[in-house]
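Hi everyone, thanks for coming. I'd like to walk you through a structure that may be new to you, one piece at a time. Have a look at it first, and then we'll begin.

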Amino acid sequence: MIEILVGSLLGLFGFTQAVDTKPQPQGAVNISQPLSPNGPYRETAVVEPMSQLQFRNVIRQAYDYSCGSAALTSLLDYYLGRNLEERQVMEGLLRYGEADKIVERRGFSLLDMKRFVGALGYKSGGFRAEFADLDALEHPAIVPIHYGGFKHFVVVRDVYNDHVFVADPALGNISFTRARFEEIWDQNVLFVIFPTGNEPQNAMALTERDLRLVDDRIVSLLAFQEFPQITKFTQNEIDELGSGGDIRYIRRK
């Protein structure tokens, strides 16, 4: 009986040494090639789900009206290193913004954002810009777009080879051609938060993985969420937004 038990244990030990029985990490895929010249080939690769890739370093909006707070949270977290949740940013926007107007329009404005980030200690400004100004930016910026019949806030990450790469709170990391972006860019408005110089490395910077094109038809298919209407900017709002500086100060030196 003892001999049988010892034999069984030895057999189990040999099996575990020959076969990898350790728990596999999430997303692990085993690749086997039994006909390789040097004998069976086996390798484990970790595959990241497309949903995670699409929203890498992008805060996904929690509500159909919260694109503004989600875009701002993405900028604060992944560019300025604040580590905030969208709920905290929403509470801050309600506290420092125009609460009555926020409730009335069911969304946040750039003016609300300016007041909130000012309370966090950052200087910011809204600008009327040209595409060349956007191309010359050294850091991400929030812009309003008009797409698919809706108005929406996104973060422009960078411009590369006449393609605008954006972090969209509803669709994730996508890109537009320059011509298409200029069509949907609402009033050529640009909102910039000026860094203090103590921020970590910009996590929203483009990588090799980002340098791909997203066909506009695919964006149309994905655009199933109802985006909130953003009220048209008044001259007073533009004046107050722009009180932080001139567009020339955000160009590359």
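Let's start with S74: is this residue buried or exposed? S74 counts as buried, because its relative accessibility is 1%, and the cut-off for buried is under 20%. You will find S74 in helix α3. Which residues does S74 touch, if we leave out those up to four places away in sequence? They are V58, I59, Y79 and M204. If you would like a distance to check on your screen, take S74 and Q61: their C-alpha atoms are separated by 9.9 Å, and the two residues are 13 apart along the chain.

I should say right away that this is a predicted model, so please keep that in mind for everything that follows.

Now let's step back to the whole protein. It has 253 residues, and 41% of them count as buried. The chain forms 10 helices and eight strands. As for contacts, take those with a separation of 6 or more: residues 24 or more positions apart account for 66% of them.

Next, two helices that pack against each other. Please find α4, residues 86-96, and α6, residues 110-119. Their axes are 8 Å apart and the packing angle is about 105°. That angle makes α4 roughly perpendicular to α6, because anything from 65 to 115 degrees falls in that class. Which residues make the contact? On the α4 side they are V89, G92, L93 and Y96, and on the α6 side D112, M113, R115, F116 and A119. Sorted by class, this contact has six nonpolar residues, one polar residue and two charged ones.

Let's stay with α6 for a moment. How many of its 10 residues are buried? Seven are, and the helix is mostly covered. The buried ones are L110, L111, D112, M113, K114, F116 and V117. So D112, M113 and F116 appear both among the buried residues and in the contact with α4. Just after α6 comes G121, and here the backbone takes a positive phi of about 100°.

On to charges. Side chains of opposite charge can pair when their charged atoms come close. How many salt bridges does the structure hold? There are nine, and I'd like to show you some of them.

One joins the side chains of D64 and R106, at 3.8 Å from N to O. This pair links distant parts of the chain, as the two residues are 42 apart. D64 sits in the loop between α2 (50-54) and α3 (67-78), while R106 sits in the loop between α5 (99-105) and α6. Both ends are partly exposed: D64 has a relative accessible area of 31%, and R106 has a relative accessibility of 46%.

The other place to look is around R87. R87 forms a salt bridge with E85, where the closest N and O atoms are 3.7 Å apart. R87 also meets E91 in a salt bridge, at 3.2 Å from N to O. Together, E85, R87 and E91 are linked in a network. Where do E91 and R87 lie? Both are in helix α4, four residues apart, which is about one turn of the helix. An α-helix has 3.6 residues a turn, so residues three or four places apart point the same way. How covered is this network? R87 is partly exposed at 48% relative accessibility, E85 is partly exposed at 48%, and E91 is partly exposed at 46%.

Finally, the strands. β3, residues 123-128, runs antiparallel to β8, and six bridges join the two. Within that pairing, G126 stands opposite F191 in β8. β8 spans residues 189-194, and five of its six residues are buried, so this strand is largely enclosed by the rest of the structure.

Another pair is β6, residues 163-168, with β7. These two also run antiparallel, joined by six bridges. Their connection is a hairpin of three residues, and D168 has G172 in β7 as its bridge partner. β7 covers residues 172-177 and is mostly covered, with five of its six residues buried.

That's my tour. Thanks for listening, and I'm happy to go back to any part of it.

Key: Residues numbered from 1 in each chain as written. Predicted model: local features only at pLDDT ≥ 70, side-chain atom pairs only at ≥ 80, totals over all residues. Heavy atoms only, no water. Axes fitted to C-alpha atoms, helices over the stretch in contact; angles between N-to-C directions. Parallel < 35°, antiparallel > 145°, perpendicular 65-115°, else oblique. Contact = heavy atoms within 4.5 Å. Nonpolar A, V, L, I, M, F, W, Y, C, P; charged D, E, K, R; others polar. Salt bridge = Lys/Arg side-chain N within 4 Å of Asp/Glu carboxyl O. Buried < 20%, exposed > 50% of the residue type's maximum accessible area, 1.4 Å probe, protein only. Pairing = 2+ DSSP bridges.
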